[in-house]
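Please open the model in your viewer and keep the selection panel at hand. The stops below go from the whole chain to single residues.

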Amino acid sequence: MKILVAASEAVPFCKTGGLADVVGDTKIVQITDIHLTNGIGFRERELIRKVNDLKPDIIFFTGDIVDDLTQVEPARELIRSLKAEIGIFGIAGDTDHIVMDGKSLARELDPAGADFLVDEYRRIPLDSGNFLWLMGLDSKSGEVELDRMLVAVPDHVPKILLAES
């Protein structure tokens with residue numbers, strides 16, 4: 001399990017350029033490779049506590065959340081326990097695809113409050129009045145889908161791509 005904190009006071013994700021200007025003081029936390037196998041245990045409770053202590057505005061999940069079908073409900077519980085002012089977004093990873101396809105995972109996790117993108121993009125309003133363009137590339141997709149999203153999203157704005165390799 002890996003956690004990346006972006007755009008916080010302690011660890012600036014980027015110091016210059018368009019993205020930093022857009023996100024400003026927005027706190028973004030990235031979570032990846034949880035690989036839930038035995039429900040919510042000590043490790044997951046610590047993750048929830050540490051992430052919530054950061055008071056993030058946005059949380060990104062970048063794949064490999066569940067290792068089998070029995071872990072979908074614990075994944076929902078974990079997501080419901082996380083607090084993000086603006087939202088929780090994610091993508092399916094290759095391990096998730098062993099369990100179900102990306103669209104099915106998105107449907108399963110939506111009731112918990114997570115917006116999982118499958119070759120989709122979102123224009124996310126930020127508290128500053130700016131907008132963050134977020135693109136989510138399914139791990140089973142390729143350059144064609146990425147190119148399609150890049151054409152659809154204005155090219156003069158900074159973008160964040162959620163993708164897993």
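What follows is a short tour of a predicted model, beginning with the fold as a whole.

Start with the entire protein chain in cartoon view, where 6 helices and 8 strands can be traced, following one another from the N terminus in the order β-α-β-α-β-α-β-α-α-β-β-β-α-β. Of its 165 residues, 47% count as buried, and the surface that the chain exposes comes to about 8400 Å², with carbon and sulfur atoms supplying 52% of that area. If you display contacts with a separation of 6 or more, 72% of them are accounted for by residues 24 or more positions apart.

Next, select the largest nonpolar core, a set of 27 residues in which I31, F61, I65, I79, L82, L109 and F116 have the most contacts. Two or more residues are given to this core by each of β2 (28-32), α2 (42-53), β3 (58-62), α3, α5 and β5, and the largest share, 4 residues, comes from α3.

Now centre on F61, which, leaving aside residues up to four places away in sequence, touches I31, I34, L78, I79, L82, I88, F89, G90, I91 and F116. A second core, separate from the one just visited, has 15 residues, among them I28, F60, L126 and I160.

Finally, move to helix α5 (residues 102-109), whose buried residues are G102, S104, L105, A106 and L109; the cover over them includes α3 (72-81), α4 (94-99) and β5 (114-116). At the start of α5, show the side chain of D101, one oxygen of which reaches to within 3.0 Å of the backbone nitrogen of K103.

Methods
Residues are numbered from 1 along each chain as its sequence is written. This is a predicted model: local features need pLDDT of at least 70, side-chain atom pairs count only at pLDDT 80 or more; totals for chains, interfaces and linings use all residues. Side-chain values use heavy atoms; hydrogens and water are left out. Buried means under 20% relative accessible area, exposed over 50%, partly exposed in between (1.4 Å probe, protein chains only). Contact means heavy atoms within 4.5 Å. Accessible areas come from the Shrake-Rupley method with a 1.4 Å probe; for residues, only the protein chains shown count as cover. A polar contact is a pair of N or O atoms within 3.5 Å; within protein, one must be able to donate a hydrogen and the other to accept it, and residues adjacent in sequence count only if both atoms are side-chain atoms. A nonpolar core is a set of buried Ala, Val, Leu, Ile, Met, Phe, Trp, Tyr and Cys residues joined through side-chain atoms within 4.5 Å.
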